[in-house]
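Dear colleague,

I am handing over the structure below, and I would ask you to keep it open beside this message while you read. What I found in it follows directly after.

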Amino acid sequence: MSIEISKTHSLIKDALDYRAARQDMIASNIANADTPYYKPRDISFENALKAKEAALYAKDSNQLQMATTDSKHLTPSAQNSETKATLFFRDGHMARNDGNSVDIDVETTEMSKNSIMFNALIQANKKDGAIFKSVIEASQKVS
């Protein structure tokens, strides 16, 4: 049995999982910097997180809901089908003579940005837990 601290905790957990997967992908790109015909890969998960956020907080992002006035109407499927991260090949860099298009400067920059975002998520998770802890402590003083 798990205790859900807050809706934010679940969102942060998913974001940390995606950030960890992206870190592994960037590390793989750097490791294959000398592999002929290797194309750098990346992961896009912002849309998946937005879909999860909308589901958690019941936001409808300016979309009209489908009206069903009869029981024979089809039920609408999920409004947002982008609930999973997508992998893609990163373009825009010139391939070397061996067909490899990994740019170490781009990869290290992306790794640094990803690491900063990972640490920010850790801090947000700690803050979320501290708020939960302060509520528990305050409730103990009341009784």
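For the helix packing one cut-off is needed at the outset: angles over 145 degrees between axes count as roughly antiparallel, and those under 35 degrees as roughly parallel. Please also bear in mind throughout that this is a predicted model.

As for the overall layout, the protein chain comes to three helices and two strands, and from the N terminus on these elements run in the order α-β-α-β-α. Of its 143 residues, 23% count as buried. Among the contacts in the protein chain with a separation of 6 or more, 77% are accounted for by residues 24 or more positions apart.

I turn next to the pairing of helix H1, residues 7-31, with helix H3, residues 104-142, whose axes lie 9 Å apart and which pack at an angle of about 160°. H1 and H3 are therefore roughly antiparallel to each other, and H1 passes H3 in a left-handed crossing. When the residues of this contact are sorted by class, 14 are nonpolar, eight are polar and five are charged.

H3 itself has 39 residues and reaches 57 Å from its first C-alpha to its last, which is close to the 57 Å expected at 1.5 Å a residue. Its buried residues are Val106, Glu107, Glu110, Asn114, Leu121 and Asp128, and these buried residues of H3 pack against H1.

On the H1 side, I looked at arginine 22, which has its place in that helix. Is this arginine 22 buried or exposed? Its relative accessible area is 9%, and since buried means under 20%, arginine 22 is buried. Leaving aside residues up to four places away in sequence, arginine 22 touches Asp42, Ile43, Phe45, Arg90, Glu110 and Asn114; of these partners, Glu110 and Asn114 also appear among the buried residues of H3.

H1 has a further helix partner in H2, residues 46-57: the axes of H1 and H2 come within 10 Å and cross at roughly 170°, and H1 and H2 are therefore roughly antiparallel to each other. In this contact Lys7, Thr8, Ser10, Leu11, Asp14, Ala15 and Tyr18 in H1 meet Ala48, Leu49, Lys52, Glu53, Leu56 and Tyr57 in H2, and the residues involved divide into seven nonpolar, two polar and four charged.

With best regards

Note on methods
Residues are numbered from 1 along each chain as its sequence is written. This is a predicted model: local features need pLDDT of at least 70, side-chain atom pairs count only at pLDDT 80 or more; totals for chains, interfaces and linings use all residues. Side-chain values use heavy atoms; hydrogens and water are left out. Axes are lines fitted to C-alpha atoms, for helices over the stretch in contact, and angles run from 0 to 180 degrees between N-to-C directions. Helices (H or I, at least four residues) and strands (E, at least two) are DSSP runs, numbered from the N terminus. Angles under 35 degrees count as roughly parallel, over 145 as roughly antiparallel, 65 to 115 as roughly perpendicular and the rest as oblique. A crossing is left-handed if the near helix is turned anticlockwise from the far one by less than a right angle, and right-handed if clockwise. Ala, Val, Leu, Ile, Met, Phe, Trp, Tyr, Cys and Pro count as nonpolar, Asp, Glu, Lys and Arg as charged, and the others, Gly among them, as polar. Buried means under 20% relative accessible area, exposed over 50%, partly exposed in between (1.4 Å probe, protein chains only). Contact means heavy atoms within 4.5 Å. The expected span of a helix is 1.5 Å times one less than its number of residues.
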